[in-house]
Amino acid sequence: MPVHTSQRSHGQRGRGVGLVLALGSAVAFGGSGTAAKPLIEAGLEPLHVVWLRVVGAALVMLPLAVRHRDLVRRRPALLVGFGLFAVAGVQAFYFASISRIPVGVALLVEYLGPALVLGWVRCVQRRPVTRAAAVGVVLAVGGLACVVEIWSGLSFDPLGLLLALGAACCQAGYFVLADQGSEAGAEAPDPLGVIAYGLLVGAAVLTVVARPWGMEWEVLGGTALMDGTAVPAWVLLGWVVLVATVLAYVTGVVAVRRLSPQVAGVVGCLEAVVATVLAWVLLGEHLGAAQIVGGLVVLAGAYVAQRSAPGRRAPRKVASGGEGAGVGMSVGRGR
């Protein structure tokens, strides 16, 4: 009996640590747009900010890439897919969208990703979708309608909304890829290695697309304004690279190994809330009552859709401590 109590206490402590890490990951991810938008408004192109973020994080994670270099031979498609969708695609579309619409709105639109996954499953793969999953889609779409105030004729920039939807599509595409790549059980690739190589792939792709040799490098030596307050540009960039990318990914990986993917997903939904609150406090981007309610509905719909998605074999993997669960959940977010 004493041994059983000790094991249970250890498990409870592990879950407590996991919750703290998951919350920390959500906060770190949520602050990326708030720190990046002043850099964009100071003169950097959105793609250049993305390039700086990804290249900086890739250099920090380079030792992990060397450690897991066998992944290049074992899982090349997964690494390329992660680099294209979860790193380059999501971040490029997201950063471009926040240059035109509020940070909170862009992130809430991106949270249509889980609903889009269900659309792929139902319409492309021709697999049945549960009633709860359909409810999640309806909630997400209805909440989005409130966020963009559709009754007033799209008060936000239509192109900005389309760019945010592009981020949602990239996120959905990676969820599909990650689900296919996590079937190897004990042979599943280490998620930290996938993150490291995904960042390297993303950096290579973004170098071609962003063409950083034309960047306004002098902006990094100056200051950027956060709701009228001057902040050194290098401080904001450091936050985006070290906190909102490296720390966010790593804490997310560790958290999902201590929690079930469902619990980690719920905590991860706080990312949109954190981003909206930070943008409100630090950037002065205020949302109306209808938009706040709509945002909460979007999060509820994303959560229901995520929990109800068919083909998630996570409970078995979490119970066994398999790494596949970490790949499937923790690297799905790419802000």
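Analyst: Let's start with a cut-off: a disulfide is a pair of cysteine sulfur atoms within 2.5 Å. In general terms, a disulfide is a covalent bond between the sulfur atoms of two cysteines. Before we apply that, note that this is a predicted model, where local features need pLDDT of at least 70 and side-chain atom pairs count only at pLDDT 80 or more, while totals for chains, interfaces and linings use all residues. Residues are numbered from 1 along each chain as its sequence is written, and side-chain values use heavy atoms, with hydrogens and water left out.

User: Okay, how many disulfides does the structure hold?

Analyst: Zero. Look at cysteine 169: the closest cysteine sulfur belongs to cysteine 170 and sits 7.1 Å away, so the two are too far apart for a bond. Cysteine 170 is likewise in no disulfide, its nearest cysteine sulfur being that of cysteine 169.

User: Is cysteine 170 buried or exposed?

Analyst: Use these classes: buried is under 20% relative accessible area, exposed is over 50%, and partly exposed lies in between (1.4 Å probe, protein chains only). Cysteine 170 has 12% relative accessibility, so it counts as buried. Cysteine 169, at 41%, is partly exposed.

User: Where does cysteine 170 lie, and what is it in contact with?

Analyst: Cysteine 170 is part of helix H10, residues 158-181. Helices (H or I, at least four residues) and strands (E, at least two) are DSSP runs numbered from the N terminus. Contact means heavy atoms within 4.5 Å. With neighbours within four places in sequence set aside, cysteine 170 is in contact with Phe85, Gly89, Val90 and Phe93. Its C-alpha is also 9.1 Å from that of alanine 88, although 82 residues separate the two along the chain.

User: What does the chain look like as a whole, in helices and strands?

Analyst: Count 17 helices and two strands. Of the 335 residues, 53% are buried. Among contacts with a separation of 6 or more, 87% join residues 24 or more positions apart.

User: Which residues show how a helix packs against distant parts of the sequence?

Analyst: Try helix H2 (residues 32-41), which holds threonine 34. Threonine 34 is buried because its relative accessibility is 2%. Beyond four places in sequence, threonine 34 touches Val103, Met226, Ala275, Leu278, Ala279, Leu282 and Leu283. Lysine 37 is in helix H2 too, and at 9% relative accessibility it counts as buried. Outside that four-place window, lysine 37 touches Ile98, Ile101, Pro102, Val103, Leu283 and Glu285.

User: How many salt bridges does the structure hold?

Analyst: The idea is that side chains of opposite charge can pair when their charged atoms come close. The cut-off for a salt bridge is a side-chain nitrogen of Lys or Arg within 4 Å of a carboxyl oxygen of Asp or Glu. There are two here. One joins arginine 74 to aspartate 70, with the closest N and O atoms 3.0 Å apart. Arginine 74 is partly exposed at 33%, and aspartate 70 is partly exposed at 31%.

Another pairs aspartate 157 with arginine 100, where the closest N and O atoms are 2.9 Å apart. This pair links distant parts of the chain, 57 residues apart: aspartate 157 is in the loop between helix H9 (131-147) and H10, and arginine 100 is in the loop between helix H6 (76-98) and helix H7 (103-110). Relative accessibility is 23% for aspartate 157, so it counts as partly exposed; arginine 100 is partly exposed at 42%.

User: Last one: which residues form the nonpolar patch on the surface?

Analyst: Patches take residues with over 30% relative accessible area and no salt bridge, joining like charges within 9 Å and nonpolar side chains (Val, Leu, Ile, Met, Phe, Trp, Tyr) within 5 Å. This nonpolar patch consists of Val273, Val277, Trp280, Val281, Leu282, Ile292 and Leu296, with about 580 Å² of accessible area together. Such areas come from the Shrake-Rupley method with a 1.4 Å probe, and for residues only the protein chains shown count as cover. Helix H14 (270-283) and helix H15 (289-308) each supply at least two of the patch residues, and H14 gives the most, with five. Take valine 273, which sits in helix H14: its relative accessibility is 32%, so it counts as partly exposed. For scale, the chain exposes about 14,400 Å², with carbon and sulfur atoms supplying 68% of that.
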